[in-house]
Amino acid sequence: VVFLLVALLPGRRVHLTRETYKFNALGVALTLLLAGGISEYLKYPVVTFILRHYLRFCIYGLVGAFVAAAWSYWRVDTAKYNVLRQTLVNEYGRTGSFVVDFALGRQLNPKWLGRVDWKQFYYRLSLVSTLLYASCYIYQTLVWPQKPEQEGYLHLVKYYWENVNYDAGTLLSASCLLFYTLDSIVFEHHLSSSFELQYEGYGCLLLLRYAATPYLLSAVTKYFYEQRVPITC
């Protein structure tokens, strides 16, 4: 689903001398959040399913990183797809040593059919997964009271503010993670000038980092959520 959204949704284009990049992580994230919200409204337990299979998704991501790295190593794409019609290879991943080349990657920006950048896809998958986990923990820790009989906007705001229940530790850590991830998503286009996108090889080290990032960043929130650690001032 994320791959289709990355491929089809429009985004901000950044034109550089060697390559043109499209950044649409914000559109992908908003689409998935909207779909998840609608599913929860229709009584489909999407949030419960995601959190229940947290470790399973982690294992799938790590195994998928090894598979993608192996596929990239054995099926090196030599098509000339960039602006200058040059083949983009990773010079540091051409040592002849399998371990080094597999870890660093033999390619820089492999693409599906010359259009969808695989490196950007896995980068967005990592960011969006982190955002979804943070949103799920916030959604789960908030317990809203029943709707009051008395109407009025100010009365409703005051009523919910005074009667909503939540775990302070989970809400604090998940909110910080949410804002941190949103910063990376909103300003994703700044990645175009980074070493990571332009010069780091598409190898096992990069893919493992992307696969592990959502779970490393959300580990503290998961701990607070499961242990219900009290916060006192």
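User: Where does Lys43 lie?
Analyst: This is a predicted model, so local features are read only where pLDDT is at least 70. Lys43 isn't part of a helix run here; look just ahead of α3, which spans 46–52. The spot is the loop between α2 and α3.

User: What is the phi of Lys43?
Analyst: Most residues other than glycine have a negative phi. Lys43 is not a glycine, yet its phi is positive. The value is about 75°.

User: Is Lys43 buried or exposed?
Analyst: The cut-off for exposed is over 50% relative accessible area. Lys43 comes in at 73%, so that residue counts as exposed.

User: At what angle do the axes of α2 and α6 cross?
Analyst: Helix α2 covers residues 25–41 and helix α6 covers 118–141. Their axes come within 10 Å of each other. The crossing is right-handed, and its angle is roughly 35°.

User: How do the residues of the contact of α2 with α6 divide into nonpolar, polar and charged?
Analyst: On the α2 side you've got Ala25, Val28, Ala29, Leu32, Leu33 and Glu40. They meet Arg124, Val128, Leu131, Leu132, Ser135 and Tyr139 in α6. The split is nine nonpolar, one polar and two charged.

User: Which side chain makes a polar contact with the side chain of Glu196?
Analyst: Glu196 sits in helix α9, residues 195–198. Leaving out residues up to four places away in sequence, Glu196 touches Lys119, Tyr123, Leu191, Leu206, Arg209 and Tyr210. A polar contact needs N or O atoms within 3.5 Å. At 2.3 Å, the side-chain partner is Tyr210.

Methods
Residues are numbered from 1 along each chain as its sequence is written. This is a predicted model: local features need pLDDT of at least 70, side-chain atom pairs count only at pLDDT 80 or more; totals for chains, interfaces and linings use all residues. Side-chain values use heavy atoms; hydrogens and water are left out. Axes are lines fitted to C-alpha atoms, for helices over the stretch in contact, and angles run from 0 to 180 degrees between N-to-C directions. Helices (H or I, at least four residues) and strands (E, at least two) are DSSP runs, numbered from the N terminus. A crossing is left-handed if the near helix is turned anticlockwise from the far one by less than a right angle, and right-handed if clockwise. Contact means heavy atoms within 4.5 Å. Ala, Val, Leu, Ile, Met, Phe, Trp, Tyr, Cys and Pro count as nonpolar, Asp, Glu, Lys and Arg as charged, and the others, Gly among them, as polar. Buried means under 20% relative accessible area, exposed over 50%, partly exposed in between (1.4 Å probe, protein chains only). A polar contact is a pair of N or O atoms within 3.5 Å; within protein, one must be able to donate a hydrogen and the other to accept it, and residues adjacent in sequence count only if both atoms are side-chain atoms.
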